[in-house]
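Here's a quick tour for anyone meeting this structure for the first time. Take a look, then read on.

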Amino acid sequence: MSRVQVDRDRCVGSGVCESLAPEVFELDDDGVLVVHRSEPDAGQLDAVHDAVQQCPTRALALAE
Ligand code: SF4
């Protein structure tokens, strides 16, 4: 099972991850990232991989 890791010191609340994988990531009203599925379903992994790669501050990682 893959697990999403967020480096909160790096996240700047850009919302790129939310736009790519909205079932997994959401910015709350204060701009703080909420991870709804820290262990994404198989069908969500491609979108999560995209988010990991496209996060502008490299704040995301997927641990196997
Ligand atoms: S894409 Fe990266 S910087 Fe932007 S909200 Fe997601 S984790 Fe934070």
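## Arginine 10 and its partner

Arginine 10 counts as partly exposed, with a relative accessibility of 42% (that label covers what falls between buried, under 20% relative accessible area, and exposed, over 50%, using a 1.4 Å probe and protein chains only). Aspartate 7 is partly exposed too, at 31%. These two form a salt bridge, with their closest N and O atoms 3.6 Å apart (the term means a side-chain nitrogen of Lys or Arg within 4 Å of a carboxyl oxygen of Asp or Glu).

A word on the source: this is a predicted model, where local features need pLDDT of at least 70 and side-chain atom pairs count only at pLDDT 80 or more, while totals for chains, interfaces and linings use all residues. Residues are numbered from 1 along each chain as its sequence is written, and side-chain values use heavy atoms, leaving out hydrogens and water.

## The other salt bridges

There are three salt bridges in the structure. In another of them, aspartate 41 pairs with arginine 37, the closest N and O atoms being 2.7 Å apart. Aspartate 41 is partly exposed at 37%, and arginine 37 is partly exposed at 30%.

Glutamate 39 and arginine 3 also meet through their side chains in a salt bridge, at 3.2 Å from N to O. Glutamate 39 has 35% relative accessibility, so it counts as partly exposed. Arginine 3, at 40%, is partly exposed as well.

## Around the ligand

What surrounds the ligand? Among its neighbours are Cys11, Ser14, Cys17, Leu33 and Cys55, where being near means having a heavy atom within 4 Å.
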